[in-house]
Amino acid sequence: MAEKIIMVADARAPALAVPDTLETPNGLLADALGRPLHDLRISVTDRCNFRCVYCMPKEVFDKDYAYLPHSALLNFEEIARVARLFVAHGVEKIRLTGGEPLLRKNLERLVEQLRAIETPSGRPLDLTLTTNGSLLAKKAQLLKDAGLDRVTVSLDAIDDAVFKRMNDVDFAVADVLAGIDAAHAAGLGPIKVNMVVKGGMNDDQILPMARHFKGTPAILRFIEYMDVGASNGWNMTEVVPSGEVVRRISAEMPLEPIGANYAGETAQRWRYVDGGGEVGMISSVTQAFCRDCSRIRLSTEGKLYTCLFATRGHDLRELLRAGRTDQEMQTAIARLWRARDDRYSETRTVNTAGLSPRAESAQKIEMSYIGG
């Protein structure tokens, strides 16, 4: 059995330092490499009801795994306050994630609070959520009514047997598809469907997935299997490059590249030549996009992470619960972002050819803890 890795990591997440000289946000904040702060990803729970082999493998996240106690989690009012701090610094997009965010009780109340936040220029936020779809059929209309704009749904196969092998809890494809239909009916679109491709396990589902979603309102995106965290046993030989995914699809259903919707978009966009919609390729391993990364992550217990592949966080909750002012926390956030020089995927991509089959984990934070 793999060694259990519990990445709560309080000892490695010191409180953010508050500089003596405070500043007022002006909506323009760039890191050490000139990248703006634009996206905030908020993990609302470290729990999930799936045991996907690339994220929360059952041999690590078993019945004895120690999840965070409820008292450690940021409450909705604290999350909304943090969101306002970041919006003042230029954040325009907020994504709710997990774990499985729909496991957080009454999540629609948080959506309502976030919906009330506007950018300094008075524009509404782009408010989205990523889910495994298991509870989406029940929650879609409530989320839409609360003000959610869009959802992204994870689905790693269209074949039931393959999908159940991936989620490892015997959850059926039909139930995820029902959630997608409910989200579409509620107006939570455009809906994106994410498929993590793991060679030898579900790569035979690339074409069946493309065929299923071609011509539908959903945008299917293929994600290269990434070395996130330290529990999934990542192996470079199991990565199916996005270029190979495009080749396989295009051989049957010709594709052509199209431009990005906005700077910093994670997926490279392709459309079907016959007008049957589009697909996306998220190529963190073979075609890193660090140079445009504008994302910061807030864990469910209030730690900030400046990279998905981070090995250490920065504790914002301590400042929140110590009664610090908004300006003090905004100044601390600005100092953290300006020092940011993360480019893990670029560095890894340069050395991809020389990677050993099983790369060093470096005790990276688990994706289920800080969100994908």
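This presentation walks through the overall make-up of one chain, two of its helix packings, and several individual residues.

Good morning. The model before you is a predicted one. I shall begin with the chain as a whole. It comprises 372 residues, of which 57% count as buried. The secondary structure consists of 11 helices and 12 strands. As for the contacts, if we take those with a sequence separation of 6 or more, 76% of them are accounted for by residues 24 or more positions apart.

Let me turn to helix packing. Two packed helices are described by the angle between their axes and the distance between the axes. The first pair is α1, residues 76-88, and α2, residues 107-115. Their axes lie 10 Å apart, and the packing angle is about 30 degrees. Angles under 35 degrees count as roughly parallel, so α1 is roughly parallel to α2. The crossing of α1 past α2 is right-handed. On the α1 side, the contact is made by Phe76, Glu77, Ile79, Ala80 and Ala83. On the α2 side, Leu107, Arg109, Leu110, Gln113 and Leu114 take part. By class, the residues of this contact divide into 7 nonpolar, 1 polar and 2 charged.

The second pair is α3, residues 136-146, with α5, residues 173-186. Here the axes come within 8 Å and cross at roughly 20 degrees. That angle makes α3 roughly parallel to α5. The handedness of the crossing of α3 past α5 is again right-handed. From α3, the contributors are Leu136, Ala137, Ala140, Gln141 and Lys144. From α5, they are Ala178, Gly179, Ile180, Ala182, Ala183 and Ala186. This contact of α3 with α5 divides into 8 nonpolar, 2 polar and 1 charged residue.

I now come to the strand that follows on from α5 by way of a loop. The loop between α5 and β5 holds Pro190, and the peptide bond joining Gly189 and Pro190 is cis, with omega about 5 degrees. Strand β5 itself covers residues 192-197 and includes Met195. Is Met195 buried or exposed? Its relative accessible area is 0%, so Met195 is buried. Leaving aside residues up to four places away in sequence, Met195 touches Leu155, Asp156, Asn202, Gln205, Ile206, Met209, Leu220, Arg221, Phe222 and Ile223. One of these partners, Arg221, is 26 residues from Met195 in sequence, with the two C-alpha atoms 6.1 Å apart.

A second buried residue brings together parts of the chain that are much further separated in sequence, namely Leu68 and Glu301, at 233 residues apart. In space, their C-alpha atoms are 8.0 Å apart. Leu68 sits in the loop between β1, residues 39-43, and α1. With a relative accessible area of 7%, Leu68 is buried.

Next, some points of backbone geometry. Most residues other than glycine have a negative phi, and most peptide bonds are trans. Besides the bond before Pro190, the peptide bond from Gly98 to Gly99 is cis, with omega near 20 degrees. Gly99 belongs to the loop between β2, residues 93-97, and α2. Asn106 is found in the loop between β2 and α2 as well. Although not a glycine, Asn106 has a positive phi of about 60 degrees. Its relative accessible area is 22%, which makes Asn106 partly exposed. Asp168, also not a glycine, has a positive phi of about 60 degrees. The loop that holds Asp168 runs between α4, residues 160-167, and α5. At 29% relative accessibility, Asp168 counts as partly exposed.

Finally, the cysteines. A disulfide is a covalent bond between the sulfur atoms of two cysteines. How many disulfides does the structure hold? The count is 0. For Cys52, the nearest cysteine sulfur is that of Cys48, at 6.3 Å. The cut-off for a disulfide is a pair of sulfur atoms within 2.5 Å, and Cys52 is therefore in no disulfide. Cys52 counts as buried, at 12% relative accessibility. Cys293 is likewise in no disulfide; the nearest cysteine sulfur belongs to Cys307, 6.8 Å away. At 12% relative accessibility, Cys293 counts as buried.

That concludes the presentation. Thank you for your attention.

Terms used
Residues numbered from 1 in each chain as written. Predicted model: local features only at pLDDT ≥ 70, side-chain atom pairs only at ≥ 80, totals over all residues. Heavy atoms only, no water. Axes fitted to C-alpha atoms, helices over the stretch in contact; angles between N-to-C directions. Helix = DSSP H or I, 4+ residues; strand = E, 2+ residues; numbered from the N terminus. Parallel < 35°, antiparallel > 145°, perpendicular 65-115°, else oblique. Left-handed = near helix turned anticlockwise from the far one by under 90°. Contact = heavy atoms within 4.5 Å. Nonpolar A, V, L, I, M, F, W, Y, C, P; charged D, E, K, R; others polar. Buried < 20%, exposed > 50% of the residue type's maximum accessible area, 1.4 Å probe, protein only.
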